[in-house]
Amino acid sequence: MSENASPPTELFSAAAEPELNGRRCRACGYVFFPPQSYGCEYCGAPGDQLEPKALRGAGALASFATVHLHQGKDMEAPFTVGVIVLDDGPAVRAILTQRTDEGLKIGERMRAVIVETNSEGARARELRFRREETAR
Amino acid sequence: MKKTLRQMRPVYVAGIGLHRYQRMSDTPYVTLGLTAIREAIADAKIEWRNVESGYTGTAFIGMAASRPMLRHLGATGIAIAQVENASASGSTAVRQACLDVASGLTDVSLAVGVDKPGPIAGAPGKTNIHDLVGRRVVPFTHFALLANEYMNRYGATAEEVAMVAVKNNRNGANNPYAQRQKAVTLDEVLAGPPISGSLTRLQCCPVGEGAAAVIVVSDDAIDKLGIDRSRAIRVTASVSRSERVYRGAKNFDAELTRETVAQAYDEAQISPQELDVVELHDAFTIEELLYVEAMGLCGEGEGARMITSGAVDIGGKCAISASGGLLAMGHPIGPTGTGQVAEIARQLRGEAGVRQQPNARTGLAHMVGVGAVCVVHVLQKDS
């Protein structure tokens with residue numbers, strides 16, 4: 001359970017306006033997240049063709065679900081998962097800052113925020129998303 | 001030159017057998033598997049020594065599962081292998097057995113699916129690629145997200161999605177091999193407990209243990225072994241695909257099914273309108289709506305109406321998951337895809353009893369596996 005209890009920080013930059021560390025394929029232009037350097041799943045270009053591409057932590061909510069049953073000790077249910085289509089292209093799945101889906105509407109603006117977590121005694125920072133109107 | 005299954009030697013399902021899908025028990029996998037295989041051999045009215053190769057579809061019971069099971073049928077020295085393709089393991093075992101017979105390598109091959117829930121971790125978690133959610137998004141949340149998106153896009157209600165569980169449990173109540181054999185009302189489905197998003201417990205398939213076996217044969221075997229030709233069901237397509245990057249597509253799960261099923265229709269030379277029975281991957285209620293549309297059984301966004309209209313009930317235009325599907329029959333992983341082919345063959349023989357779809361002549365079995373793969377078989381009764 002430990003590998004994703006605290007997602008590695010290289011997934012995002014911990015700035016005030018956090019960005020997601022995406023990748024762009026030099027060969028075909030495919031932009032994706034999460035980052036990896038094995039090879040492009042769209043055109044097959046090798047990993048050295050995959051260059052960093054910062055993705056702004058802003059987008060539109062495409063789907064959401066409140067999880068009522070969760071076996072991992074890393075997080076207590078209920079919590080809510082959202083699919084956010086980033087303005088910079090890729091759709092990402094993220095934990096939302098609000099525990100339930102109350103008031104959420106598909107299509108509404110979402111923004112990335114960094115939250116401090118303390119799961120299984122380990123302090124970590126996670127990138128989550130919140131509704132833009134409630135952000136800061 | 002490339003060939004389709006239909007252009008090779010004809011392949012027929014001649015024997016089917018199952019061990020009931022059930023909650024995890026102390027029953028060894030050997031007992032589960034042998035029960036299904038012995039039933040399939042008896043059904044085909046052949047002998048074990050006639051079987052020339054065997055594929056064991058399994059995901060959880062571990063390395064080298066075949067020989068410790070098959071030797072108790074008499075160790076005849078046949079070619080054996082384990083087949084793992086996530087939820088589509090049993091479907092892939094059927095495909096391998098079909099390819100053996102179609103190619104002429106064997107005249108009689110066995111596909112058996114057998115599994116017991118186990119602690120083996122899947123490889124996709126071992127790629128060292130991390131995302132923002134990790135194991136907080138398990139399959140039921142993946143499909144809860146798809147359900148939320150679907151309902152929003154087409155104005156379908158949570159009740160309409162839940163009706164899939166009502167229909168499939170009604171069918172499963174009449175299937176002695178099903179894990180859930182009890183009809184449920186819509187209120188009971190909606191009552192929960194809630195799992196994720198709009199999905200409640202009864203909208204998620206039970207994962208237990210069980211076994212299913214299918215014996216496939218050539219024309220030569222039918223003649224040589226005196227197999228009843230009227231009960232042999234031809235496999236006219238066997239297609240296996242994996243997910244591509246569907247740029248611009250709304251839903252990758254539906255898209256993978258759409259292109260795999262389209263290839264199967266093409267290879268079998270049928271249209272969706274010809275399907276009388278379908279067993280599809282309804283691990284979660286929303287999947288049935290997505291896949292009936294992807295299969296072309298109705299238009300985009302019409303899946304919910306199709307389910308509630310009765311068109312896919314037994315006795316309707318095309319019976320979907322007459323067995324009870326994964327939702328009621330259960331999803332023991334390894335056996336599931338093999339059991340689907342067994343149900344389709346039973347239906348096309350006209351031997352499904354109270355679950356019988358009238359005049360069924362053409363059927364399709366569809367399984368999806370995480371990772372993501374899709375395996376589709378088309379079966380047809382010779383006219």
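**Figure 1. Helix H3 of chain B in the predicted model, viewed along its 15 residues.** In this predicted model, the end C-alpha atoms of H3(B) lie 21 Å apart, which agrees with the 21 Å that 15 residues should span at 1.5 Å a residue. The helix is mostly covered, with 11 of its 15 residues buried. Among the buried residues are B:Ser89, B:Gly90, B:Ser91 and B:Thr92 at the start of the list, and B:Val94, B:Ala97, B:Cys98 and B:Val101 are also included. H3(B) is followed by B:Gly104, whose phi is positive, near 95°.

**Figure 2. Helix H4 of chain B and the glycine that comes just after the helix.** H4(B) has 16 residues and reaches 22 Å from its first C-alpha to its last, a value close to the 22 Å expected at 1.5 Å a residue. This helix, too, is described as mostly covered, since 12 of its 16 residues are buried. The buried residues include the aromatic side chains of B:Phe140, B:Phe143 and B:Tyr150, together with B:His142, B:Asn148 and B:Glu149. Just after the helix, B:Gly155 takes a positive phi of about 70°.

**Figure 3. A salt bridge within H4 of chain B, between B:Glu149 and B:Arg153.** The side chains of these two residues meet with an N to O distance of 3.5 Å. Because B:Glu149 and B:Arg153 are four residues apart in helix H4 of chain B, they are separated by about one helical turn. An α-helix has 3.6 residues a turn, so residues three or four places apart point the same way. B:Glu149 counts as buried at 19% relative accessibility, whereas B:Arg153, at 36%, counts as partly exposed.

**Figure 4. The largest nonpolar core, with a view of B:Met295 and its contacts.** Of the 71 residues in this core, B:Val278, B:Ile286, B:Met295 and B:Leu364 touch the most other members. Helix H4 (residues 139–154) of chain B gives the most to this core, with eight residues. Leaving aside residues up to four places away in sequence, B:Met295 touches B:Thr257, B:Val261, B:Tyr265, B:Pro272, B:Val278, B:Leu280, B:Leu364 and B:His366. A second, separate core of 34 residues includes B:Val277, B:Ala322, B:Leu348 and B:Ala365.

**Figure 5. A salt bridge that crosses between chains, from A:Asp74 to B:Arg136.** The closest N and O atoms of A:Asp74 and B:Arg136 are 2.6 Å apart. A:Asp74 sits in the loop between strand E4 (58–67) and strand E5 (79–86) of chain A, while B:Arg136 sits in the loop between strand E4 (108–115) and H4 of chain B. Both partners are covered in the model: A:Asp74 is buried with a relative accessible area of 13%, and B:Arg136 counts as buried at 2% relative accessibility.

**Figure 6. A salt bridge linking distant parts of chain B, between B:Lys224 and B:Asp107.** The closest N and O atoms of this pair are 3.6 Å apart. B:Lys224 belongs to helix H7 (residues 219–225) of chain B, and B:Asp107 lies in the loop between helix H3 (89–103) and E4 of chain B, so that the partners are 117 residues apart in the chain. B:Lys224 is exposed, with a relative accessible area of 58%, whereas B:Asp107 is buried, at 15%. Over all chains, the count comes to 31 salt bridges.

**Figure 7. An open sheet of three strands in chain A.** The strands are arranged in the order E2-E1-E3, and the pairing is antiparallel. Strand E2 (31–32) and strand E3 (50–56) are the edge strands, each of which pairs on one side only. Strand E1 (residues 19–25) pairs with E3(A) over seven bridges, and A:Glu19 has A:Arg56 of E3(A) as its bridge partner. A:Arg56 also belongs to a network of salt bridges with shared partners, which joins it with A:Asp87, A:Arg109, A:Arg111 and A:Glu132.

**Figure 8. Cysteines in a structure that holds zero disulfides.** The sulfur of A:Cys28 is 3.7 Å from the closest cysteine sulfur, in A:Cys43; this is too far for a bond, because a disulfide requires the two sulfur atoms to be within 2.5 Å. A:Cys28 is partly exposed, with a relative accessible area of 29%. For B:Cys374, the closest cysteine sulfur is that of B:Cys98, 16 Å away and therefore too far for a bond. B:Cys374 counts as buried, at 0% relative accessibility.

Technical notes:
Residues are numbered from 1 along each chain as its sequence is written. Chains are lettered from A and ligands numbered from 1 in the order in which they are written. This is a predicted model: local features need pLDDT of at least 70, side-chain atom pairs count only at pLDDT 80 or more; totals for chains, interfaces and linings use all residues. Side-chain values use heavy atoms; hydrogens and water are left out. A nonpolar core is a set of buried Ala, Val, Leu, Ile, Met, Phe, Trp, Tyr and Cys residues joined through side-chain atoms within 4.5 Å. Buried means under 20% relative accessible area, exposed over 50%, partly exposed in between (1.4 Å probe, protein chains only). Helices (H or I, at least four residues) and strands (E, at least two) are DSSP runs, numbered from the N terminus. Contact means heavy atoms within 4.5 Å. A salt bridge is a side-chain nitrogen of Lys or Arg within 4 Å of a carboxyl oxygen of Asp or Glu. The expected span of a helix is 1.5 Å times one less than its number of residues. Two strands pair if DSSP finds at least two bridges between them.
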